[in-house]
Amino acid sequence: MKEILRRSITGIIYVVLLLGAVFLSSDAFDFLFMAFGLACLAEFKRIVRLKGYYIFVAYLALWWAYIYLVQDSTLITILMLLTITVDMALLMFLFSKKDRKFTELQKFIIAVLYIGGGCIFLTMIPYKEDDFAQFLITGIFILIWVNDTFAYLTGRTLGRTKLFPSVSPKKTIEGSIGGLIFALAAAYIMSFYETKLTVVQWMVLATVIVFAGSLGDLLESKFKRVAGVKDSGAILPGHGGIWDRLDSLVFAAPFAYLVLNIFSYVS
C-alpha cells in the first residue's frame with residue numbers, strides 16, 4: 001500500500017511539473033527538457049559505463065544550436081535522419097540474442113543521438129512557424145501515458161501471451177493491443193482540442209507513437225538487463241530514474257517529428 005501511495009504521489013508531481021512547464025511558457029518547457037536530457041544522459045552513462053563527461057558538453061552544444069540557432073530545414077533533417085538511423089540500428093541490439101559490447105565511440109554516438117537527439121526533437125515538436133503548440137505536445141504526452149497505463153491494466157487482466165520475455169517478462173501482447181486501442185481512443189478525443197491535425201492524422205500519429213514508444217521501452221529494458229540493474233536511477237521514488245519515465249518519448253520523438261512534418265507537407 002505504501003509503495004502504491006509513493007508511486008501515485010511521484011506520478012502526480014511528475015505530471016504537474018510536465019504540464020506546468022508546457023502551459024507556463026515555451027522557455028520553461030525548453031529548460032525542463034534540456035534538464036531531463038542531462039538526467040537521462042547521466043543515467044545512460046552510468047548503465048553503459050561510458051567514461052568522461054564530454055557527452056554532456058556535446059549534448060548541450062547540440063541542444064542549444066538546434067533549439068535557438070539552427071533555422072535551416074536541411075540541417076534539421078540531417079539530425080533527424082541521423083537520430084532515426086541510430087534508433088533503427090539499436091533495434092538490432094534489442095532483438096539480437098548475442099551479447100553486444102559497444103566501443104566508447106559507439107556509446108558516445110548512441111548517447112548524443114539516441115538520447116540527446118530524442119530530447120531535442122521532443123523539444124522541437126510543438127514549434128511551428130514561431131507558434132508554440134501546447135495542446136499538440138500535451139496530446140503526445142497523453143498518448144504515451146494512456147498507452148502505458150492501459151497496456152499495464154489490460155495485461156494484468158487479460159494478458160496471457162508474453163511479448164518479449166527475455167527482455168521484459170511482464171509485458172504481454174494482449175496488453176500492447178489494449179494500450180494501442182485506448183491510445184487511438186485518446187487520439188480521437190484529442191482531435192477536438194488540437195484541430196491543427198485531422199482525426200486521421202491524430203490516429204496515424206498515435207499509432208506511430210505507440211509502436212515506437214513500445215520499442216523505446218523495450219530498448220531501455222534491454223540496456224538495463226545487460227547492465228544487471230532494475231531501474232536507470234532513483235530520482236523518482238517508486239518510478240526509478242528520469243530515463244525510466246522518458247524511454248518511450250525519447251525513442252518515439254524523432255519518428256513523431258517526421259510524421260508531423262509529412263503532415264505539414266501534405267496538408
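User: Is Glu220 buried or exposed?
Analyst: This is a predicted model, in which local features need pLDDT of at least 70, side-chain atom pairs count only at pLDDT 80 or more, and totals for chains, interfaces and linings use all residues. Residues are numbered from 1 along each chain as its sequence is written, and side-chain values use heavy atoms, with hydrogens and water left out. Buried means under 20% relative accessible area, exposed over 50%, and partly exposed in between (1.4 Å probe, protein chains only). Because its relative accessibility is 1%, Glu220 counts as buried.

User: Which residue forms a salt bridge with Glu220?
Analyst: A salt bridge is a side-chain nitrogen of Lys or Arg within 4 Å of a carboxyl oxygen of Asp or Glu. The partner lies in helix α8, four residues from Glu220, about one turn of the helix; helices are DSSP runs of H or I with at least four residues, numbered from the N terminus. With the closest N and O atoms 3.5 Å apart, the partner is Lys224.

User: Which residue in helix α9 does Lys224 meet in a salt bridge?
Analyst: The N to O distance of this pair is 2.9 Å. Lys224 lies in helix α8 and its partner in helix α9 (residues 242-266), so the pair ties together parts that are 20 residues apart in sequence. Shared partners join Glu220 and Lys224 into one network with Asp244.

User: How far apart are the end C-alpha atoms of helix α8?
Analyst: Helix α8 has 29 residues (199-227). The expected span is 1.5 Å times one less than the number of residues. That gives 42 Å, and the end C-alpha distance agrees at 42 Å.

Notes. Helices (H or I, at least four residues) and strands (E, at least two) are DSSP runs, numbered from the N terminus.
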